Amino acid sequence: METDYRSYHFTWKDWVEYLVRIAIKGMIIGYLFYDSLEMCIICIPFFVVDYREMKKDKLKKQKRELTLQFKSMMEALVTSLTAGYSLERAFSDARQDMAFIYKEDAMIFRELDEIIAGLKVNIPVEKLLKDFGDKSGVEDIQNFANVVTAAKRSGGNLIRIIEKTVRSISDKISLEEEMETMITGKKLEEKIMMVMPYGILLYLRISNGGFLDVLYHNVFGIVLMTVFLMGVYLANVWATKIMDIPV
């Protein structure tokens, strides 16, 4: 069955992770913001946002992994092409070389197997790469497929064109990795800042529980705490968007 990498489907492990996450989050919000277990149940419909964000993160991670695996595949292709093999033969060699790097269930092996199987029944390599690029949703893979298609049609120096393209795409991917590394510290700071409001409320409840009684079990307190909770959420969304690197 053909895999579409432009979407992500939850596995049973993802569902367990999601349910545990919202259960813990619901209890924390119910205890710290409303002092009410009933609020855990009332908050459940709002956790659909967590589902969407988690799915978005999983999809981004999937595309990132596929991009890095594709980078390794391109480098292996260049090695085979430089050794004098045809582009079609290079894919078989690339798969053998990458078996030393990735596990057999890696996404790139699934795609390489489809390309190799297609080549055996005389499907043009440019069509196979275009199909891969379309379902990947990754710009670098689509660009590589377009370059191979153009090189095949123009009859130019295929090896030289591919080498130059691979070098350009690899540099771009490496730059994105460096950017991701640079902002890792800032992302950690952002997570700490988002935890602080909960930490402050927890400290107040433990050290002086009666101090917050005026905010619980009355309309004014519920409204104020809800506004405060929305502020924390919006700050989290804003910080996430600032440090987001599109894939």
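Select Leu202, whose place is in helix H9 (residues 184-207); helices here are DSSP runs of H or I with at least four residues, numbered from the N terminus. The model is predicted, so local features need pLDDT of at least 70 and side-chain atom pairs count only at pLDDT 80 or more, while totals for chains, interfaces and linings use all residues. Residues are numbered from 1 along each chain as its sequence is written, and side-chain values use heavy atoms, with hydrogens and water left out.

**Leu202 and its surroundings**

Leu202 has a relative accessible area of 38% and is therefore partly exposed. In this scheme, buried means under 20% relative accessible area, exposed means over 50%, and partly exposed lies in between (1.4 Å probe, protein chains only). Display the contacts of Leu202 next: leaving aside neighbours within four places in sequence, Leu202 is in contact with Tyr31 and Leu32, where contact means heavy atoms within 4.5 Å. For a long span, draw a line from Leu202 to Tyr5: the two are 197 residues apart along the chain, and their C-alpha atoms are separated by 41 Å.

**Helix H1 against helix H10**

Proceed to helix H1 (residues 12-34) and add helix H10 (residues 219-242). Two packed helices are described by the angle between their axes and the distance between the axes. H1 and H10 pack at an angle of about 130°, with their axes 10 Å apart. This angle makes H1 oblique to H10. Axes are lines fitted to C-alpha atoms, for helices over the stretch in contact, and angles run from 0 to 180 degrees between N-to-C directions. Angles under 35 degrees count as roughly parallel, over 145 as roughly antiparallel, 65 to 115 as roughly perpendicular, and the rest as oblique. To view the meeting side chains, select Ile29, Leu32, Phe33 and Tyr34 in H1, which meet Ile222, Met225, Thr226, Phe228 and Leu229 in H10.

**The nonpolar patch**

Remain on H1 and select Val16, which lies in this helix. Val16 is partly exposed, with a relative accessible area of 43%. Now add Trp12, Val20, Ile24, Met27 and Ile28, which together with Val16 make a nonpolar surface patch of about 600 Å². Such patches are made of residues with over 30% relative accessible area and no salt bridge; like charges are joined within 9 Å, and nonpolar side chains (Val, Leu, Ile, Met, Phe, Trp, Tyr) within 5 Å. Accessible areas come from the Shrake-Rupley method with a 1.4 Å probe, and for residues only the protein chains shown count as cover.

**Salt bridges**

Side chains of opposite charge can pair when their charged atoms come close. A search of the whole structure finds 14 salt bridges, each being a side-chain nitrogen of Lys or Arg within 4 Å of a carboxyl oxygen of Asp or Glu.

Begin with Lys25 and Asp50, whose closest N and O atoms are 2.9 Å apart. This pair links distant parts of the chain, with Lys25 in helix H1 and Asp50 in helix H3 (residues 48-82), 25 residues apart. Lys25 is partly exposed at 29% relative accessibility, whereas Asp50 is buried at 12%.

Select Asp113 and Arg95 next; their side chains meet in a salt bridge (2.5 Å, N to O). Asp113 lies in helix H5 (residues 107-120) and Arg95 in helix H4 (residues 87-98), so the pair ties together parts that are 18 residues apart in sequence. Asp113 counts as partly exposed at 36% relative accessibility, and Arg95 counts as buried at 16%.

Continue to Lys135 and Glu114, whose side chains also form a salt bridge (2.9 Å, N to O). Lys135 is in helix H6 (residues 125-136) and Glu114 in helix H5, so parts that are 21 residues apart in sequence are tied together. Lys135 is buried at 5% relative accessibility, and Glu114 is partly exposed at 32%. Then select Asp14, Glu17, Arg21 and Lys58, which salt bridges that share partners join into one network.

**Loop residues**

Move to the loop between H9 and H10, where Asp213 is found. Asp213 is partly exposed at 47% relative accessibility. Asp213 and Tyr34 are 179 residues apart in sequence and 9.9 Å apart in space, C-alpha to C-alpha.

Most residues other than glycine have a negative phi. His217, also placed in the loop between H9 and H10, has a positive phi near 60°. His217 counts as exposed, at 58% relative accessibility.

End at Asp35, in the loop between H1 and helix H2 (38-42). Asp35 has a positive phi of about 50° although it is not a glycine, and counts as partly exposed at 27% relative accessibility.

Methods
Helix = DSSP H or I, 4+ residues; strand = E, 2+ residues; numbered from the N terminus.
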